[in-house]
Amino acid sequence: MTDALRFIDIAEDQLDDVIRVRTRAFGPLASGDREQWVKDAKVFLADGRYVGVVAGDEVVAAARIWDFRQWWGGRQVPMAGIAGVVVSPEYRGRGVGSMLMRGVLKRGLDKGFPISALYPATTVIYRHLGYEFGGGRYRFSFRAADLRGLGGKEVSVRRAGPDDAARFLELVGKVHESGRVGGPISWPDEKVAEWLAEDESFAYLADDGFVVYRWDDGENLRVEELVAGSEATARALWATVGSGSSIAETVNAYVSPHDPVHLLASYEAGKSAQIQRWMLRLLDAPAAIAARGFAPSIAVEVDLQVDDPELPANTGRWHLSVADGIGRLVPSEGTGDAVRVGPRGLAALYAGTPVAALRGSGLASGGSADSDTFLDTAFTGPTPYMLDYF
Ligand SMILES: CC(C)(COP(=O)(O)OP(=O)(O)OC[C@H]1O[C@@H](n2cnc3c(N)ncnc32)[C@H](O)[C@@H]1OP(=O)(O)O)[C@@H](O)C(=O)NCCC(=O)NCCS
């Protein structure tokens, strides 16, 4: 354990080593999954998105970076999705995970991702590196029989498959853009087709919507994604899922907390709702602001003092202006008292956390009541959510 530690790109002949470390962290890959895992891993490493730490020749830590786009304010922002963060047990608690994640931040930045997100198994290490809660993955439970009765019979619904991937993405885009949502991710196109091709996925398409669902634990149904551009289509697609009510009592659904289904369904089992929280970090603050959407009706001018020790290009006094749905973050010459945030405060702000909550947790200071109002006006939107785990 005395060999010098080095941050590296994982090579193909190191994948067995990575699996060994991974098994010690997450348990063994299910039999049959290894081939798919290796196939996926090769895509990551060919693109410089599988990184690790070696001690001498031995891989002792690894992480991969998904090439996602994340919707913010109704626009898609390139997002580095960090997954599979693992450190060999005998190297844990010695700074290896932090060294790995510092390399990951830099790689994400070098690959041109303005933001990064991850599902934390433990928040401590990620907070140290500037990540903060951005939103949740919400799972709600409905009675299948209730959904079955939602109607929409006038809407025609047809079975869909991998050839419909482009149409799926188009429909998602329309609904997310007009709803100015924050949080959901878009997978690389080939993954969408793979998902629709799975035997276990039941996909149905209407003119302005679609649903993909499957069996959950063999007893209930699980909606993975449902997008509807109208009330009639929402009713028709939920009723299609609910038509399984003679066998499945419950439909577990990954949906936004603002999804119209909450207002359509008569019974919602609130006690079985689940939230898995994800964290966000801005890698390139000006690019992150320029890429996202803002409400078109607002005009905001406010100064921010950012202090980001891990990614110093974000550090400095900035002027944020928002107009016509577009934001700009440029160096500021201002001298008054600016709102001060670190990377955690900046990430939480971007995700729409009210400034009062940031002040209450010590993540923001300085500025004035006016600047808080400006920041809340700029960033508050529908509750950020994600449908997918990665
Ligand atoms: C989580 C993990 C990657 C951390 O790696 P590591 O090399 O131990 O991390 P570091 O030594 O750099 O620790 C960084 C900070 O995180 C804290 N930390 C690490 N693991 C922690 C845990 N399980 N619970 C709480 N805090 C933890 C450390 O105490 C340290 O904080 P401190 O400086 O305030 O004491 C590693 O423990 C691991 O592989 N765990 C199993 C798999 C896993 O959970 N992966 C994360 C998936 S999101």
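1. Five strands, read in the order S16-S15-S14-S17-S18, form an open sheet whose pairing is mixed, where two strands count as paired if DSSP finds at least two bridges between them. The edge strands, S16 (326–331) and S18 (364–366), each pair on one side only, and the twist averages 30° from one strand to the next. Strands are DSSP runs (E, at least two residues) and helices are runs of H or I of at least four, numbered from the N terminus.

2. This is a predicted model, in which local features need pLDDT of at least 70 and side-chain atom pairs count only at pLDDT 80 or more, while totals for chains, interfaces and linings use all residues. Residues are numbered from 1 along each chain as its sequence is written, and side-chain values use heavy atoms, with hydrogens and water left out.

3. Within the sheet, S17 (residues 339–341) and S18 pair in the antiparallel sense over 3 bridges, and Arg340 stands opposite Ser365 in S18.

4. Turning to the ligand, the residues that come nearest, of the 19 around the ligand, are Val85, Gly93, Gly97, Ser98 and His128, a residue being near if one of its heavy atoms lies within 4 Å. A polar side-chain atom of Ser98 lies 2.5 Å from an oxygen atom of the ligand, whereas for Gly95 a backbone N or O atom lies 2.8 Å from a ligand oxygen atom; a polar contact is a pair of N or O atoms within 3.5 Å; within protein, one must be able to donate a hydrogen and the other to accept it, and residues adjacent in sequence count only if both atoms are side-chain atoms.

5. Helix H4 gives the largest share of the shell around the ligand, 4 residues.

Note on methods: Axes fitted to C-alpha atoms, helices over the stretch in contact; angles between N-to-C directions.
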